[in-house]
2 protein chains.
Amino acid sequence: VTTSPDIALGFDVGGTKVLAVAIDRAGSVLYEERVPTPREYEPVPGEATADAIDAMMAKALVEVQRDVADVVVGVGLPGIMSREGRVVFAANLPAANGAQIGDILRARHEGLRVVCENDADCGAVGEHELGAAQGRDNFIMVTLGTGIGGAIYLDGELRRGANGFAGEFGHVVVNVNGPRCPCGQSGCWERYASGAGLARMTHEAAAAGLLPELVKHRGGAANVRGEDVTAAALAGSNEAVAVVHDVAWWLARGLGNLATILDFDYVVIGGGLVEVASILIPRAQELMPSMVLGGAARPPFAIVPARNGERAGALGAGLVAFERLS
Amino acid sequence: VTTSPDIALGFDVGGTKVLAVAIDRAGSVLYEERVPTPREYEPVPGEATADAIDAMMAKALVEVQRDVADVVVGVGLPGIMSREGRVVFAANLPAANGAQIGDILRARHEGLRVVCENDADCGAVGEHELGAAQGRDNFIMVTLGTGIGGAIYLDGELRRGANGFAGEFGHVVVNVNGPRCPCGQSGCWERYASGAGLARMTHEAAAAGLLPELVKHRGGAANVRGEDVTAAALAGSNEAVAVVHDVAWWLARGLGNLATILDFDYVVIGGGLVEVASILIPRAQELMPSMVLGGAARPPFAIVPARNGERAGALGAGLVAFERLS
């Protein structure tokens with residue numbers, strides 16, 4: 001057993017896909033893989049997720065030429081996590097509710113060192129140590145994936161709250177009469193400013209005749225997906241940009257609420273929607289002053305994409321593993 | 001000049017009234033007075049507010065038999081305050097926007113030691129040092145007055161944010177299609193779970209024929225005020241309790257959002273609505289699990305009235321003055 005491992009495996013388990021990376025101590029990504037998130041409900045919560053991690057881990061270990069006992073492993077999970085790494089509640093990963101995925105993996109591999117942490121907390125650690133938030137004392141990380149995750153730094157430290165559950169920005173209700181959320185509430189922020197929100201707004205826009213080019217291209221309104229809109233928006237399609245601007249309005253709405261509460265001076269955006277950051281962020285930035293208390297009187301704050309991009313969560317999970325397990 | 005003053009004057013400037021207290025170092029209230037908040041718009045922002053404080057200060061000094069240079073003075077103000085004590089933006093005290101009330105008072109009284117601070121931050125310091133939140137590391141203070149103020153303790157410290165503006169819970173938008181707020185946004189939490197919210201719900205309930213006893217008693221729907229509802233509710237009137245329960249629903253809605261973000265384990269409620277705490281709080285507590293992410297899975301948190309009651313802000317302002325000026 002290597003006591004000071006030189007390689008960490010980081011996993012980012014999202015509502016849609018699982019991303020794995022192998023990193024060295026400098027944070028360089030040596031290998032990566034992604035697979036769809038398993039959807040099965042197992043008798044033992046978290047088994048399907050653990051299976052997926054297991055398979056990816058085996059491939060990664062071959063690639064980096066290490067044994068399981070030679071590396072440390074960090075797993076970022078989308079939900080409220082106890083300080084001991086148990087999934088207390090994951091709206092977008094219901095099969096893992098209650099799971100102690102670290103225990104499942106340790107039971108399978110003797111000598112495995114693994115830590116489970118909230119995905120956005122992983123992302124924030126990664127951005128604070130090696131990304132866009134270096135040297136920032138009061139910032140939030142917001143991951144716009146299938147849902148929305150979040151993490152809070154105040155006065156220089158990650159703030160995890162009384163139980164370790166802080167930063168679940170996606171389930172702040174911004175519209176009490178809004179659409180039902182898998183979490184049981186209605187009008188949660190992540191019904192709007194997320195991949196799922198983009199998908200819904202895309203369907204609505206297509207059905208309302210607002211995306212004629214894409215509907216024609218995809219052969220029907222029902223076939224147009226969020227990814228089509230982001231790709232078309234990046235290619236300059238006005239009809240697609242309009243839908244991304246709708247998402248940006250909701251992004252600003254939620255960020256304004258958070259700034260009114262937390263008074264950060266910096267926002268790092270991660271998650272899949274980062275690919276359309278060049279359209280999303282300038283629009284949200286423009287709307288910001290009208291979306292935060294005393295907006296005109298307070299200093300503006302910067303909104304920047306995660307420097308680690310879509311890998312922010314997986315990379316951060318690896319860094320958390322280095323930090324806590326070696 | 002006494003270098004270690006034994007008496008502090010604390011002021012709590014609200015949207016409706018100004019409360020002044022004189023306290024000793026143990027926090028005992030030696031004297032108190034309240035006057036309506038001046039409504040005038042002055043050429044110099046904050047002059048009218050400073051005049052009111054001035055007049056109350058003169059009376060208090062006579063009562064406690066001290067000269068102005070012998071005491072320290074703390075002023076709690078309802079709005080976002082710079083770390084230097086300037087009112088950056090106060091939705092419920094527009095006449096004071098931009099004011100440095102400390103400077104105005106110091107210019108009038110040689111030797112005056114005065115500090116201005118956000119009202120809810122004052123209240124939280126008071127409750128943490130001498131009230132309901134003693135020994136609590138992760139709690140919020142929520143003041144339900146004309147508007148809603150707030151303060152955040154995480155990991156044992158008051159968290160003021162990058163600029164000192166943190167904790168403006170009242171202007172978190174919970175209903176994007178809700179009523180217009182003086183702050184410029186729509187559907188802010190304080191349009192609902194505040195004195196102003198109670199007043200609006202009272203008018204709506206009276207107009208809709210839901211408060212027949214009170215309407216009869218007051219001689220018309222237009223005459224029924226929020227205070228009539230709280231008094232009648234405390235006296236056991238079912239029609240009045242129903243309106244307070246509506247306010248409690250919104251209180252729970254906002255607290256659920258805040259818990260989802262901050263993961264505190266304790267809430268201290270201050271402000272005028274504290275008088276109806278015996279009805280408001282149990283109802284909000286009952287609704288809480290459905291209003292916070294993973295409510296059934298997470299440990300419940302206590303909601304308690306400020307031990308310093310309606311005086312929490314003024315007492316806290318006095319304690320802040322002792323803490324920072326002596």
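1. A good place to start is the interface: 46 residues of chain B touch 46 residues of chain A. Please keep in mind that this is a predicted model. About 3700 Å² is buried between chain B and chain A, with 61% of that area coming from carbon and sulfur atoms. On the chain B side, B:Ile261, B:Asp263 and B:Leu293 provide 19% of what chain B buries against chain A, more than any other three residues.

2. Now the polar side of the same interface. Two salt bridges are found between chain B and chain A. One salt bridge links the side chains of A:Asp155 and B:Arg159, at 2.7 Å from N to O. There are also 22 residue pairs in polar contact between the two chains, counting pairs with both residues at pLDDT 80 or more.

3. Which elements of chain B build its side of the contact? Strand E6 (87-89), strand E9 (148-154) and helix H7 (238-262) of chain B each give at least two residues. H7(B) has the largest share, eight residues. Sorted by class, this side of chain B holds 25 nonpolar, 13 polar and eight charged residues.

4. Within chain A, do look at strand E4 (residues 72-77), where six of six residues are buried. A:Val72, A:Gly74 and A:Gly76 point one way from E4(A), while A:Val73, A:Val75 and A:Leu77 point the other way. Such alternation between the two faces of the sheet is what a regular strand shows.

5. E4(A) has parallel partners in E1(A) (residues 7-13), through five bridges, and in E7(A) (residues 113-118), through six. A:Val72 is the bridge partner of A:Ala8 and also stands opposite A:Arg113 in E7(A).

How values were computed: Residues numbered from 1 in each chain as written. Chains lettered and ligands numbered in written order. Predicted model: local features only at pLDDT ≥ 70, side-chain atom pairs only at ≥ 80, totals over all residues. Heavy atoms only, no water. Contact = heavy atoms within 4.5 Å. Buried area = accessible area lost by both parts, 1.4 Å probe. Salt bridge = Lys/Arg side-chain N within 4 Å of Asp/Glu carboxyl O. Polar contact = N/O pair within 3.5 Å; in protein donor to acceptor, adjacent residues only side chain to side chain. Helix = DSSP H or I, 4+ residues; strand = E, 2+ residues; numbered from the N terminus. Nonpolar A, V, L, I, M, F, W, Y, C, P; charged D, E, K, R; others polar. Buried < 20%, exposed > 50% of the residue type's maximum accessible area, 1.4 Å probe, protein only. Pairing = 2+ DSSP bridges.
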